[in-house]
Amino acid sequence: LELGRISTYINNPAVLDIECSGPEKPLVIKEAKGIQNTTLLLKEEEIQQIINEVARLSATSVQNNILRASYQGIEFTGIISESVGSRFIVHKKIAPQ
């Protein structure tokens, strides 16, 4: 899955969750071994591009500036907000073993 600068985390099997709490705020990564803040800061435009790309790929509409979508084993929730900053959470579904 190609989603710009977060693709490395999306495609890393050790990463379970990715949280972007807004523009210019560090991306937070959850792995089985714990939670870590990254040094990756996304701009408002990048966040909106990621949300819109997930909407396009999953054939899901952004409704009332909110996207809830599932695509290729991830669950994605994103909010587009110019006033408080757009944000998103990616949760990877783990297949039962």
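These questions and answers walk through a predicted model of one chain.

Visitor: What pLDDT does the chain average?
Guide: The coordinates are predicted. Of the residues, 97% score at least 70. The chain average is a pLDDT of 93.

Visitor: Which element of the chain has the lowest mean pLDDT, and which the highest?
Guide: Helix H1, residues 7–10, has the lowest mean, 94. The highest mean is 97, and it belongs to strand S1, residues 15–20.

Visitor: In what order do the 6 strands form the sheet?
Guide: The sheet is open, and the pairing is antiparallel. Neighbouring strands are turned by 15° against each other on average, direction ignored. The order is S3-S2-S1-S6-S5-S4.

Visitor: Which strands stand at the edges of that sheet?
Guide: Look for strands with a single partner strand. One side of each is left without a neighbour in the sheet, because each has just that single partner. The edge strands are S3 (34–41) and S4.

Visitor: How many bridges join S4 to S5?
Guide: S4 covers residues 66–71 and S5 covers residues 74–79. The two run antiparallel. Isoleucine 66 stands opposite isoleucine 79 in S5. The number of bridges is 6.

Visitor: Which residue in the turn between S4 and S5 has a positive phi?
Guide: S4 and S5 form a hairpin with 2 residues between them. The phi in question is about 45°. It belongs to glutamine 72.

Visitor: Is glutamine 72 buried or exposed?
Guide: Glutamine 72 sits in the loop between S4 and S5. Its relative accessibility is 56%. The cut-off for exposed is over 50%. Glutamine 72 therefore counts as exposed.

Visitor: And is glutamine 48 buried or exposed?
Guide: Glutamine 48 belongs to helix H2. Setting aside neighbours within four places in sequence, it is in contact with Ile80, Glu82 and Ser86. Its relative accessible area is 17%, and the cut-off for buried is under 20%. So glutamine 48 is buried.

Visitor: Which residue of S6 stands opposite cysteine 20?
Guide: S1 and S6 run antiparallel. They are joined by 4 bridges. The residue opposite cysteine 20 is phenylalanine 88.

Visitor: Which strands does H2 touch as it packs on the sheet?
Guide: The direction of H2 makes about 50° with that of S4. The strands touched are S1, S3, S4, S5 and S6.

Visitor: Which element gives the most residues to the largest nonpolar core?
Guide: This core has 22 residues; Ile6, Ile18, Leu27, Leu42, Phe76 and Phe88 touch the most other members. Elements that give two or more residues are S1, S2 (26–31), H2 (44–58), S4, S5 and S6 (87–92). The top contribution is 5 residues, from H2.

Visitor: Which residues form the aromatic pair?
Guide: The count comes to 1 aromatic pair. Its rings lie 5.5 Å centre to centre, with 20° between the planes. Planes under 30 degrees apart count as stacked, so this pair is stacked. The partners are phenylalanine 76 and phenylalanine 88.

Visitor: How many residues apart in sequence are the parts that this pair ties together?
Guide: Both phenylalanine 76 and phenylalanine 88 are buried. Phenylalanine 76 lies in strand S5 and phenylalanine 88 in strand S6, so the pair ties together separate stretches of sequence. Those parts are 12 residues apart.

Methods:
Residues numbered from 1 in each chain as written. Predicted model: local features only at pLDDT ≥ 70, side-chain atom pairs only at ≥ 80, totals over all residues. Heavy atoms only, no water. pLDDT = per-residue confidence, 0-100. Pairing = 2+ DSSP bridges. Core = buried A, V, L, I, M, F, W, Y, C linked by side-chain atoms within 4.5 Å. Buried < 20%, exposed > 50% of the residue type's maximum accessible area, 1.4 Å probe, protein only. Axes fitted to C-alpha atoms, helices over the stretch in contact; angles between N-to-C directions. Contact = heavy atoms within 4.5 Å. Phe/Tyr/Trp six-rings, centres within 6.5 Å; stacked < 30°, edge-to-face > 60°.
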